[in-house]
Amino acid sequence: MLNYNHLYYFYQVARHQSVTRAAEFLSLQQPSLSAQIKALEANLSRKLFIRVGREIRLSSEGQILFRYSQRIFDAAADMENFLRGQSQKLTRILRVGITEQIDHNFIADLSAQVQSFSISENFQLRVTSGEKLELIEQLKTHKIDLLFSNSTAHEVDLYPLSEVRMPVALFVASGTKKSNEHREPIREWLKKTNLGIALPSEKLKLRHETDQFLQKIGAKSSIVFESDLISVVARAVVDGVGYAFLPAPYMAEEMNRGLVTTISSDRGFWFHQLYLFGRQAEQKDPIHLKIKHAIDEMKKSPKVFFSAKKKS
């Protein structure tokens, strides 16, 4: 018979991704918690965690068990809140996965938009990040409910819920651009500027798009900074380290605060696209449609410089 105390301990270790952090949360000694997890694995005759260096990760069977345990303990928390009069109906947990190539500040802005109607809809939004293939598997196994990626997913049991087209502009720190430079062809500006370019690392899609654009216009620039985090590239621009080609919505806050300025038209130089995927069987899920609505509303907002997709 399954020991639900052991299952709860497993759930917390998986949620915290650390025996040490889970033990602190549960007010248990680490050796005691480790023993409880081993007892659960012995009872189920399954290895639930694998060790990678100093980290522990869920095994494939552990991921499935974690999905079920999430449902159990989330529902238990909702029931407890309901019995205490803290909720009139069950709160739904909506889990959204984002690939590591997407700027987290942009997701925070989207989350704020979604949370504006979350109270009336009575659901909570939880965001997690990871590699695309890993997140696709989590979506298929119901560990997450939706997936944001900057590349398409050709999976028969997934469907595209929404598509975001973001114009890419050239950004520099405020004060480094002359008043007439916005009229100058970008190739000429690149020839004259003393700034070097801040780039995403080569493993990121935005880097390949940038390289292709520079090759297309026949421009070269010295690389002064590289990072696999888009937010760090953006910070390099703010600090005046160099210029960068970035999706305009990623720089909305910096633009609003007057920290950066752009050298391009409102249309941008090319479009960087994001895709939101769900499971085929849940195309008419009302919460998913609300998420789509939130994204559509963000597209209409001029402050984030979205581009509506033109009809062919």
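## A walk through a predicted fold

Of the 312 residues in this protein, 47% count as buried. Keep in mind that you're looking at a predicted model. The chain folds into 12 helices and 11 strands. About 17300 Å² of the protein is exposed, and carbon and sulfur atoms supply 50% of that area. Take the contacts between residues at least 6 apart in sequence: 74% of them join residues at least 24 apart.

### Helix 1 and its partners

Let's begin close to the start of the numbering. Two packed helices are described by the angle between their axes and the distance between the axes. Helix 1 covers residues 4-16 and helix 2 covers residues 19-26; they pack with their axes 8 Å apart, at an angle of about 125°. That angle makes helix 1 oblique to helix 2. Their crossing is right-handed.

Which residues do the touching here? On the helix 1 side you'll find Tyr8, Tyr9, Gln12, Val13, Arg15 and His16, and they meet Val19, Arg21, Ala22, Phe25 and Leu26 in helix 2.

Leu26 is worth a click. This leucine sits in helix 2 and is buried, with a relative accessible area of 17%. The cut-off for buried is under 20%, so Leu26 makes the list. Leaving out residues up to four places away in sequence, Leu26 touches Tyr8, Tyr9, Gln12 and Leu33. Pick out Gln12 from that group: Leu26 and Gln12 are 14 residues apart in sequence, while their C-alpha atoms are 8.2 Å apart in space.

Helix 1 also packs against helix 3, which spans residues 30-44. Their axes come within 9 Å and cross at roughly 115°. This makes helix 1 roughly perpendicular to helix 3. Is the crossing of helix 1 and helix 3 left-handed or right-handed? It's left-handed. The helix 1 residues involved are His6, Leu7, Tyr9, Phe10 and Val13, which meet Leu33, Gln36, Ile37, Ala39 and Leu40 in helix 3.

### Leu65 in helix 4

Next, hop along to Leu65, which lies in helix 4 (residues 60-83). Leu65 counts as buried, at 18% relative accessibility. What does Leu65 touch, if you skip residues up to four places away in sequence? The answer is Leu7, Phe10, Leu40, Leu44 and Leu48. Leu7 and Phe10 also turned up in helix 1, among the residues that meet helix 3, and Leu40 was on the helix 3 side. There's a sequence jump to look at too: Leu65 and Ala14 are 51 residues apart along the chain, and their C-alpha atoms are 9.9 Å apart in space.

### Some loop residues

Now for the loops. Here are four residues to find on the structure, each with its place and its exposure.

| Residue | Loop between | Relative accessible area | Class |
|---|---|---|---|
| Ser45 | helix 3 and strand 1 (49-52) | 65% | exposed |
| His142 | helix 7 (132-140) and strand 5 | 30% | partly exposed |
| Asn150 | strand 5 (146-149) and strand 6 (158-173) | 4% | buried |
| Gly175 | strand 6 and helix 8 (186-192) | 76% | exposed |

Two of these rows have a backbone quirk. Most residues other than glycine have a negative phi. Ser45 isn't a glycine, yet it has a positive phi of about 55°. His142 has a positive phi as well, near 70°, and it is also a residue other than glycine.

Asn150 sits in a loop but counts as buried, at 4% relative accessibility. What surrounds Asn150, once you set aside its neighbours within four places in sequence? Asn150 is in contact with Thr99, Gln101, Ile102, Lys205, His272, Gln273, Leu274 and Tyr275. With Gln101 there's something extra: the side chains of Asn150 and Gln101 are joined by a polar contact of 3.2 Å.

Gly175 is exposed, with a relative accessible area of 76%. It also gives you one last pair to try: Gly175 and Val260 are 85 residues apart in sequence, but 8.3 Å apart in space, C-alpha to C-alpha.

Notes:
Residues numbered from 1 in each chain as written. Predicted model: local features only at pLDDT ≥ 70, side-chain atom pairs only at ≥ 80, totals over all residues. Heavy atoms only, no water. Helix = DSSP H or I, 4+ residues; strand = E, 2+ residues; numbered from the N terminus. Buried < 20%, exposed > 50% of the residue type's maximum accessible area, 1.4 Å probe, protein only. Polar contact = N/O pair within 3.5 Å; in protein donor to acceptor, adjacent residues only side chain to side chain. Contact = heavy atoms within 4.5 Å. Areas by Shrake-Rupley, 256 points an atom, 1.4 Å probe, with all protein chains shown as cover. Axes fitted to C-alpha atoms, helices over the stretch in contact; angles between N-to-C directions. Parallel < 35°, antiparallel > 145°, perpendicular 65-115°, else oblique. Left-handed = near helix turned anticlockwise from the far one by under 90°.
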